[in-house]
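Biologist: I've just opened this structure for the first time and don't know where to start. Could you pick one part, look at it closely, and then show me what sits around it?

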Amino acid sequence: MRARRAAEAAGAAASALLLALTAACGSRLPESAFENRGGAPATGAAGEPITVGIITSATSPVGGEAFTGPRDGALAYFAALNRNGGVNGRPVRPVTCDDGGSGVGNNECVRELLTDKKVFALVATTALDYAGAPRVSAAGVPDIGGQPVGAAYDTYPHLYGIYGSQAPRDGKSPGWGGTLYGGTEVYRYFKRVQKARSAAVVSYNQAASAAYARLIVRGLEAEGYDVTTEQVDFALPNFPAVAAGLRDRGADLVFDALDTHGNARLCEAMDAAGVRPTAKVTNVQNWSDAVAKDYKDSPGCRNVLWATGASRNYDDQGSGPGSAAVREFRAGMARYAKGGPLSQWQLEGWAAAMWFADAARSCGARLTRACVEHFVADGAPYTARGLLLPASFRPRPEPPATDRTCLSVARWRDGAHGGRGGWVTQGDMDTTCFTVPQLPYRP
């Protein structure tokens, strides 16, 4: 059930490279937002702190809002955890490090956290260039719940990405001999549930964008879609021309390999041209409250935005499975992050911190890295109280030709959730599952 998450990582890497070329600046929430403003920790959290490190590409050329979500979610979780007694009476002390989005900076963060701060583990790593991964692995420091922006989490032992991995992870090459595999369940979902039969894929004439677009096209074609492609000049994009092409072809679905700014401009052009697909499909990185602002000038396109991923919708506050955990996340973010904009990556950072805490709690008074890794690597597939699809690290000697994979699906609706607008869950992620082919690709 885990091979397809590598394909999401390919999309994340492509998006990161694109964002780096269209840089923003600033961080959504300052770290001071997570200071405990509720007084002293509860009795029982007075033991020796457990120090963990959080590496984030916060001031990289990509811009803070791109990568700070997992960090913010993890910090909020640890703040709530400490207020309620910590782990077996010990508070968790998170130490953050901004690697600046560079390999040099990442290596320096790894050195600082492992050597100077002597962290017990890393949590919710979100790095544009995880150059320090070999050093983390060689030191035997568990890295739990990181975002697989690159291939490190499918390469090195002791690294445990938020979505799990079936790869051998021998430290030599990613996946199986340098090849990763991704499933077609997203395309199967829209064909089976939404009755889509045609799709258009929009990309820049830029290497990372074009490569990711080809991966999308392969998946769509494997599911029998009639696929067309549109390419826009990266330096001088003509989105009205692309929108006109989409209107003429009348595709049911629109996928893209664009950055957030490009997506917003594409949506404006689609609205102006009267393009109304069944779904404009985006990924977990764009699954956030920022949609209302980013797509403010394109209400038609905004209301056909769909997102897919491997974690429960952060806007799901109903009574279904996992909804209580979502409410706890939202309450924690409201208290410790001053009620700032929410995102799916924040929820996944919260889940990563929970994963570490549950692993550490399982060790009782004898907390060791080996014990924590036993919980993560050898224990039951982890769901973070229903926030994640089951994530595990049971390696397969050979990649699967097919796999049964579940997915989380949501769509944006103006006026939802009491009128503020937001993401509306489409079915239960634990039962929205398909047995699909696994397509090889090189990271």
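Modeller: I'll start with one sheet, follow the helices that pack on it, and then move on to a cavity, a second sheet and two single residues. Keep in mind that this is a predicted model.

The sheet I'd pick is an open one with seven strands, ordered E8-E7-E9-E10-E11-E13-E14, and its pairing is mixed. Its edges are E8 (226-232) and E14 (422-425), each of which pairs on one side only. Going from one strand to its neighbour, the average turn is 30°, ignoring direction. For a closer look, take E10 (279-282) and E11 (305-309): they run parallel and are joined by three bridges. Within that pair, Lys 280 sits opposite Leu 305 of E11. Helix H5 (185-192) packs on this sheet and touches E9 (253-257), E10, E11 and E13 (408-413). The direction of H5 makes about 135° with that of E11. Helix H8 (260-273) lies across E7 (198-204), E9 and E10, and runs at about 175° to E10.

Now for some empty space. Rolling a probe the size of a water molecule over the atoms shows where such space is left. Searching the whole structure turns up two cavities of 30 Å³ or more. The second largest cavity has a volume of about 40 Å³. Its lining is made of Arg 312, Asn 313, Asp 316, Ser 408, Val 409, Thr 425, Gly 427 and Met 429. By type, those lining residues come out as four polar, two charged and two nonpolar. There is a link back to the sheet here: Ser 408 and Val 409 of the lining fall in the range of E13, 408-413. Thr 425, also in the lining, falls in the range of edge strand E14, 422-425.

What about the second sheet? This open sheet has five strands in the order E2-E1-E3-E4-E5, with parallel pairing. E2 (92-98) and E5 (159-161) stand at the edges with a single partner strand each, so one side of each has no neighbour in the sheet. The twist from one strand to the next averages 25°. In the middle of that order, E3 (121-123) and E4 (143-146) run parallel and are joined by two bridges. Val 123 has Ile 144 in E4 as its bridge partner. Helix H3 (103-116) lies across E1 (50-56), E2 and E3, running at about 175° to E1. Helix H12 (344-361) lies across E1, E2, E3, E4 and E5, at about 155° to E4.

Finally, two residues to click on. Asp 248 belongs to helix H7 (239-249). Its relative accessible area is 62%, so Asp 248 counts as exposed. Asp 248 and Val 275 are 27 residues apart in sequence, and their C-alpha atoms are 9.0 Å apart in space. Arg 335 is in helix H11 (323-336). With a relative accessible area of 40%, Arg 335 is partly exposed. Measure along the chain and Arg 335 is 255 residues from Ala 80, yet 8.7 Å separates their C-alpha atoms.

Terms used: Residues numbered from 1 in each chain as written. Predicted model: local features only at pLDDT ≥ 70, side-chain atom pairs only at ≥ 80, totals over all residues. Heavy atoms only, no water. 1 Å grid on protein atoms, 1.4 Å probe; cavity = no way out; pocket = protein on both sides within 12 Å on 5 of 7 lines; lining within 4 Å. Points joined across faces, edges and corners; volume = space filled by probe spheres on them. Nonpolar A, V, L, I, M, F, W, Y, C, P; charged D, E, K, R; others polar. Pairing = 2+ DSSP bridges. Helix = DSSP H or I, 4+ residues; strand = E, 2+ residues; numbered from the N terminus. Axes fitted to C-alpha atoms, helices over the stretch in contact; angles between N-to-C directions. Contact = heavy atoms within 4.5 Å. Buried < 20%, exposed > 50% of the residue type's maximum accessible area, 1.4 Å probe, protein only.
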